[in-house]
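Trainee: Could we go through this model together, setting each value beside the definition that it rests on?
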Amino acid sequence: MYRDEALLREYYSSSPGDITLDDVDVNHLPSHVSIIMDGNGRWAQARGLDRSKGHVAGVDALRETVTTSVRLGLDALSVYAFSTENWRRPQREVDLLMHLFATTLVKELPLFHQENVRLRFLGDLEALPKKTYDVFCQGLDETADHTGMTFALAVNYGSRAEMTRAARLIAQEVSAGALSIDDVDESAIASRLYTAGLPDPELLIRTSGELRLSNYLLWQLAYTEFYVTDMMWPDFDRWEMLRAIRAFQGRNRRFGGVVNQ
Ligand code: IPE
Ligand code: IPE
Ligand code: MG
């Protein structure tokens, strides 16, 4: 993916001290980074604020992360914004999140145009409130021809629901005679997931220190490297992204094989 080296240097010019751009090899970046954006509520509560303020602050962190990913030249960034289990939250919080998704997307569309970012969604959008659904469709339409980074937003996403859906689609096609059982292989499943066509993430970041997947990309993360930071999502910035990439580049990825035989 295209990267403007001078712009990237400038973007990373004021180092916080423990890391600089030179600590990562920009020619071997993960092509797809995925993030479980967690800790908005705790970030707010620690400041004596309502949880909703944490979600609003989380939007700023996400905007910076999209820009960071574009500057670095990643092929894809995906983020977990709302799970199939998050409907269990108080109605007021659910309503606020749905409203925030819609208003933020409208506000940020110019950024996607400017940065040539192509938007896609992971999850069952039909269950979303109409306003949010309509704005998402508009975002998809308006960025469909963009050729830069893919930004995938997981909303009403659950990995088990995604795999169940894929199994149903396959069963329907088999029973209609459109697909033979012999053709039901890993690629047949992968192509019926919401992530169809996206490479599997190479790096998964989870903020707020939780050591679990919370029903996120169970299939796609089979060989992904994990980076868990104690930082709450609203504090995540371009430097923490760099720390995650530095950790990733220090890993020895074996994919079940043996290295240095
Ligand atoms: C992540 O932050 C955002 C969403 C799940 C929508 P949380 O809202 O889960 O924040 P914590 O984990 O309660 O601190
Ligand atoms: C995971 O965070 C979902 C998103 C970040 C959207 P949660 O806060 O919902 O996860 P749990 O409940 O701590 O596992
Ligand atoms: Mg949480």
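Mentor: Helices (H or I, at least four residues) and strands (E, at least two) are DSSP runs, numbered from the N terminus. The model is predicted, so local features need pLDDT of at least 70 and side-chain atom pairs pLDDT 80 or more, while totals for chains, interfaces and linings use all residues. Residues are numbered from 1 along each chain as written, chains are lettered from A and ligands numbered from 1 in written order, and side-chain values use heavy atoms, without hydrogens and water.

Trainee: Which helices each supply at least two residues of the shell around ligand 1?

Mentor: Helix 2 (40-46), helix 3 (51-72) and helix 4 (91-114) each do so, and helix 2 gives the largest share, three residues. The shell holds 13 residues, D38, G41, R42, R51 and R89 being the closest, where a residue counts as near if one of its heavy atoms lies within 4 Å of the molecule.

Trainee: What makes the approach of R42 to ligand 1 a polar contact?

Mentor: A polar contact is a pair of N or O atoms within 3.5 Å; within protein, one must be able to donate a hydrogen and the other to accept it, and residues adjacent in sequence count only if both atoms are side-chain atoms. An N or O atom in the side chain of R42 is 2.7 Å from an oxygen atom of ligand 1, so the pair meets the limit of 3.5 Å.

Trainee: Why is Q220 called buried?

Mentor: Buried means under 20% relative accessible area, exposed over 50%, and partly exposed in between (1.4 Å probe, protein chains only). Q220 has 3%, and is therefore buried.
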